[in-house]
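Thank you for making time for this; I would like to walk you through one chain, and I will begin in the middle of its sheet and work outwards. Please keep the display in view while I talk.

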Amino acid sequence: MKSEQEHYTYDYWFNNKFHESWHEGGEKYYVNHFYEDVVFNLDIPEDGYIVVLGTYKCVSFEKLCNKYGSERCIGYDLHNPNDHPRVITKNGIDLCEEDDIPIAFCHNDFGGFQHTPHLKIHGQKWAAGNIISGGYFLGNSNENSIGYDIEQLMSEYDF
């Protein structure tokens, strides 16, 4: 089994056939529909950033930029193949207090529990600690692939 660090490479994310199962983050990626049908109908606070942890090819992220204004949106990812101006290229495991910002909405789409559990959980904790009052967090439930108790974690952050 590969170590989690081996799953951080560009080649792993952009030259690997397993991504075909989720339409390589393109227009048919389920997140697009979730944003359009659910997130866009939420009463997201006016203050705070719209944050996506794991922007991949930025198809879904761009929908948020168009809806809420790009200046309000920030994405984090290891790679930014489309050079999106609102994506900060950074290893999410390195997110720390120096990166803290007020977040009105966050989607944790970092890697996946089966590939990068430490990254996924670290991003969850960092972002949960930065959500403002009335803000929203989109992420996995306890039905994740490794059975991590994400719901307990979020209750510790008063969600």
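Phenylalanine 105 stands opposite tyrosine 136 in E5, and this is one place to see how E4 and E5 pair in the parallel sense, over four bridges. By pairing I mean that DSSP finds at least two bridges between two strands, and the strands themselves (E, at least two residues), like the helices (H or I, at least four), are DSSP runs numbered from the N terminus.

Before I go further, please bear in mind that this is a predicted model, in which local features need pLDDT of at least 70 and side-chain atom pairs count only at pLDDT 80 or more, whereas totals for chains, interfaces and linings use all residues. Residues are numbered from 1 along each chain as its sequence is written, and side-chain values use heavy atoms, with hydrogens and water left out.

On to E4 itself, residues 103-108, which is mostly covered, six of its six residues being buried; buried here is under 20% relative accessible area, exposed is over 50%, and partly exposed lies in between, with a 1.4 Å probe and protein chains only. E4 is also joined to strand E1, residues 49-53, by five bridges, and these two strands run parallel; within that pairing, valine 52 has histidine 107 of E4 as its bridge partner.

What, then, is the order of the strands in the sheet? It is an open sheet of five strands, E3-E2-E1-E4-E5, with parallel pairing, and its edge strands are E3 (87-89) and E5, each of which pairs on one side only. On average, neighbouring strands are turned by 20 degrees against each other, direction ignored, where axes are lines fitted to C-alpha atoms, for helices over the stretch in contact, and angles run from 0 to 180 degrees between N-to-C directions. Towards the E3 edge, strand E2 (residues 73-77) pairs with E3 in the parallel sense over three bridges, and aspartate 77 has threonine 89 of E3 as its bridge partner.

Two helices that pack on the sheet come next. H2 touches E1, E4 and E5, and its direction makes about 155 degrees with that of E4; helix H4, residues 117-128, touches E1, E2, E4 and E5, at about 170 degrees to the direction of E4. Contact, throughout, means heavy atoms within 4.5 Å.

At the E5 edge, leucine 138 lies in the strand that spans residues 131-138. Is leucine 138 buried or exposed? It counts as buried, because its relative accessibility is 18%. Leaving aside neighbours within four places in sequence, leucine 138 is in contact with Phe34, Tyr35, Val39, Phe105, Cys106, His107 and Asn108. Leucine 138 and aspartate 109, 29 residues apart in sequence, have a C-alpha to C-alpha distance of 8.7 Å.

Let me turn to helix packing. Two packed helices are described by the angle between their axes and the distance between the axes. For H2 (residues 30-37) and H3 (residues 59-68), the axes come within 9 Å and cross at roughly 15 degrees, which means that H2 is roughly parallel to H3, that term being used for angles under 35 degrees, with over 145 counting as roughly antiparallel, 65 to 115 as roughly perpendicular and the rest as oblique. The contact is made by Val31, Asn32, Tyr35 and Glu36 of H2, and by Val59, Ser60, Lys63 and Leu64 of H3.

The buried residues of H3 are Ser60, Phe61, Lys63, Leu64, Cys65 and Tyr68, and their cover includes H2, E1, E2, E3 and E4. After H3 comes glycine 69, with a positive phi near 95 degrees.

That leads me to the backbone. Most residues other than glycine have a negative phi, and most peptide bonds are trans. Tyrosine 56, in the loop between E1 and H3, has a positive phi of about 50 degrees although it is not a glycine, and it counts as buried because its relative accessibility is 11%. Aspartate 83, in the loop between E2 and E3, also has a positive phi, near 50 degrees, but it counts as exposed because its relative accessibility is 63%.

Finally, the whole chain: it has five helices and five strands, following the pattern α-α-β-α-β-β-β-α-β-α along the sequence, and buried residues make up 49% of its 159 residues.
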